[in-house]
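Open the model in your viewer and keep the sequence panel beside it. The stops below are given in the order to select them.

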Amino acid sequence: MLQAMSEKMKGWPAIIVLGVATFAMSFFGIEGYFSSRVDTYVAKVGKHEISQQQFRDRMNQIRQQAMAQEGDQFDGTTFEKPANKRRILDAMVDQQLLLKANGDLGMRVSTQSLRDAIANVPAFQVNGKFDPETYRSVLAANRMTPEMFEEQQNSSMAVALLPDAINDSAIVTGADMDRYLDLQLQRRDVQYFTLPRPAPANSTVTDDEIASYYKGHQADFMRPEQVSLKYIEVNDADLKLDAQPSEDELKKRYQDEKSRFVQPEQRLVSHILINVPKNATPAQQKAALAKADQIAAEATPADFAELAKKDSDDLGSKSQGGNLGWLQKGVTNAAFDTAMFSLKKGEISKPVLSPEGYHIIYLRDVQSGKIKPFDQVRAELAQEAIKADREHKFNEVAGKLADASYQTPGSLDTAAKNLDLPVKTTGLFSHSGGTGIAANAKVIAAAFSDDVLAQGNNSSLINLGTDDAVVVRVDKHEPKAVRPLAEVSDSIKQKILDDRVIAAAKQRADGLLARLRKGEDIQAVAKSAGANVVSVSDAMRMPRAPSAQSMPAQVRSQAFLLPHPAKDKPEFSSVAVGDGVFAIVGVDKVQGGDLAKITPAQREQLRNQMSQAFGNMATHGFIDILKAKTPVKIAEDRM
């Protein structure tokens, strides 16, 4: 919840907290004075270190966001790729550079800005206004104090100070927009044909070729660091209660909570509605009231139903003689409610004005409020008692598990024996997670934490939900390593064959492209390759017409990378479409965009978007300047 709040308050990620390096001290700690310091940072920005734990926390945070956004489409393996890890670390470095620049320039988040930002979080509001009690209770539910949350938000907002200031200074001219629109709305006449995937000229791959490829591409065959866990789980659904609630206990609960089971007074009502149109004129309102007064004066209990069928504008109840059935307080609008409960049985009201019009209300019967008997609510009371007992049992067992695992941090056996709970295991999983409890971000973070992984201790109690908790410890640990050749030889063989196919396909495409550039006709060249030419007129970068949408994305992108053709001389290129398939692309004609079709509102929207884009470019340029002035060290082997 708090992560979602933080993102809504500011688009920039939360600030990285300064890590504390850990030093090993032996007997009496004396040797520490003579041992050299061991670096553990993943990155060092000036004098500030980004620790491995901070980097893992950020990875877990982004992974959890991706899991929530992508659902079943989430692919955790992407987080183990070096390029993705480096991208995340580079963002953390950029944030630290911006924070350092804040200090150098004397920029800080004002107290009022922080207060306003927090007050605008919907989760902290009641009826659209900031509520201090709600603020404290929401934070408490997320195990945070106001001081902790305010520090976190202050840090998050501080990262955005400079980028916001740079964005505000970005200027977009009319000429800038015209140039952009001319390119964005540009139209091109395109011809292309697709070549089929060729068969490999040589389908034999030797062991030496596989071994050589393996040796030269070992980074592609890394097995990520993995752990498996032992764990004890306390789940509300699995707990056996000491006893079912007795009849006496249920009756006592009934007596204690009798007020819950009072049936409210109900009234059997019919009505006649005289509609008043929205935005009615005074004359219309006067006519409606006069008609309602006349009906109310004439109506009697005996003929009320007939009058409703004849005169009521409420189509839903008109055919039933105006019958609305049994109603209780609070079901209708306030005016109708007040009039209905002021009547005595058998009375007909004077016209009552509501947003729909004038109502004439007939109170046909009254059913006084009464208490539901014990037998009628016994099942509900029993279910509530069992739920309360389960919650009590869960909290009791979870607390004992937390205490026992803390008292014997090197094993789960004592806790399992004392609580009569089984020790379960997971399969091996990486930082991307696994199945079961290993898919939970909290469990992943605990499994790879220093205390659990390096020190070999039990974790603290991890809440997986309101009625599910676990304590975990590492069972097996497999460091990051190159997968054995035997395990990847088949995939290497296929990769070598695919590379041969791609090389052959490119060679063929290059030969056909050379013929086209010498002036041969595209239809003749395509026919010689067994392909058909597809022509698309007025193709655009962002496809709108069905013909443009049918073009492969790679072909369209390549078509708009080609230079403008000279008169009667098309420009040609080749592009990989995928899986060893290449396409030959030609552009015959280029036309600029029709700027007259752009409305003022669209131009203003574009100006705002371009201003944001220019600001982002300027911010990245500023960060590059900061990098040039600040020593930055990256330890990729610790990522």
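Start with the open sheet of three strands in this predicted model. Its order is S2-S1-S21, and the pairing is antiparallel. S2 and S21 are the edge strands, each with a single partner, so one side of each has no neighbour in the sheet. From one strand to the next, the twist averages 15°.

Now select S1, residues 41–45. Four of its five residues are buried, so the strand is largely enclosed by the rest of the structure. Add S2, residues 48–51: four antiparallel bridges pair it with S1. Two residues lie between the strands of this hairpin, and Gly46 there has a positive phi near 65°.

Next, bring in S21, residues 632–634. Three bridges join S21 to S1, again in the antiparallel sense.

Which residues does Ala43 face on its two sides? Ile50 stands opposite Ala43 in S2, and Ile634 is its bridge partner in S21. Then click Lys44, which stands opposite Lys633 in S21.

Show the helices that cross the sheet. H2 lies across S1 and S2, at about 55° to S2. H3 lies across S1, S2 and S21, and runs at about 35° to S1.

Stay on H3 and select Lys85. Is Lys85 buried or exposed? Its relative accessible area is 10%, below the 20% cut-off, so Lys85 counts as buried. Display its contacts beyond four places in sequence: Phe55, Met59, Phe79, Glu80 and Met639.

Move to the largest nonpolar core, which has 35 residues. Select Ile50, Phe55, Leu89, Phe124 and Phe149, the residues that touch the most other members. Colour the elements that give two or more residues to this core: S1, H2 (52–70), H3 (82–105), H4 (111–119), H5 (132–141), H6 (146–168) and H22 (600–629). H3 supplies the largest share, eight residues. A second core, separate from this one, has 17 residues. Leu229, Ala447, Phe448 and Val470 are among them.

Now for the aromatic rings. The whole structure holds seven aromatic pairs. Zoom in on Phe124 and Phe149: the ring centres are 5.5 Å apart and the planes stand at 90°, so this pair is edge-to-face. Phe124 sits in the loop between H4 and strand S3 (125–126), Phe149 in H6, and 25 residues separate them. Phe124 is buried, at 0% relative accessible area. Phe149 is buried too, with a value of 0%. Add Phe130 and Tyr135 to the selection: ring pairs link these two with Phe124 and Phe149 into a cluster.

Go on to Phe304 and Tyr362. This aromatic pair is tilted, with 5.3 Å from centre to centre and 50° between the planes. Phe304 lies in helix H11 (residues 304–311) and Tyr362 in strand S12 (residues 357–367), 58 residues apart. Phe304 is buried at 1% relative accessibility. Tyr362 is buried as well, with a relative accessible area of 14%.

Last stop: select residues 264–365. An unreviewed UniProt entry annotates them as "domain: PpiC". The span is 37% helix and 27% strand. Its end C-alpha atoms lie 14 Å apart.

How values were computed
Residues are numbered from 1 along each chain as its sequence is written. This is a predicted model: local features need pLDDT of at least 70, side-chain atom pairs count only at pLDDT 80 or more; totals for chains, interfaces and linings use all residues. Side-chain values use heavy atoms; hydrogens and water are left out. Buried means under 20% relative accessible area, exposed over 50%, partly exposed in between (1.4 Å probe, protein chains only). Two strands pair if DSSP finds at least two bridges between them. A nonpolar core is a set of buried Ala, Val, Leu, Ile, Met, Phe, Trp, Tyr and Cys residues joined through side-chain atoms within 4.5 Å. Axes are lines fitted to C-alpha atoms, for helices over the stretch in contact, and angles run from 0 to 180 degrees between N-to-C directions. Contact means heavy atoms within 4.5 Å. UniProt positions are given in the numbering used here, feature names are shortened, and annotations may be inferred rather than shown by experiment. Rings of Phe, Tyr and Trp (its six-membered ring) pair if their centres lie within 6.5 Å; planes under 30 degrees apart count as stacked, over 60 as edge-to-face and the rest as tilted.
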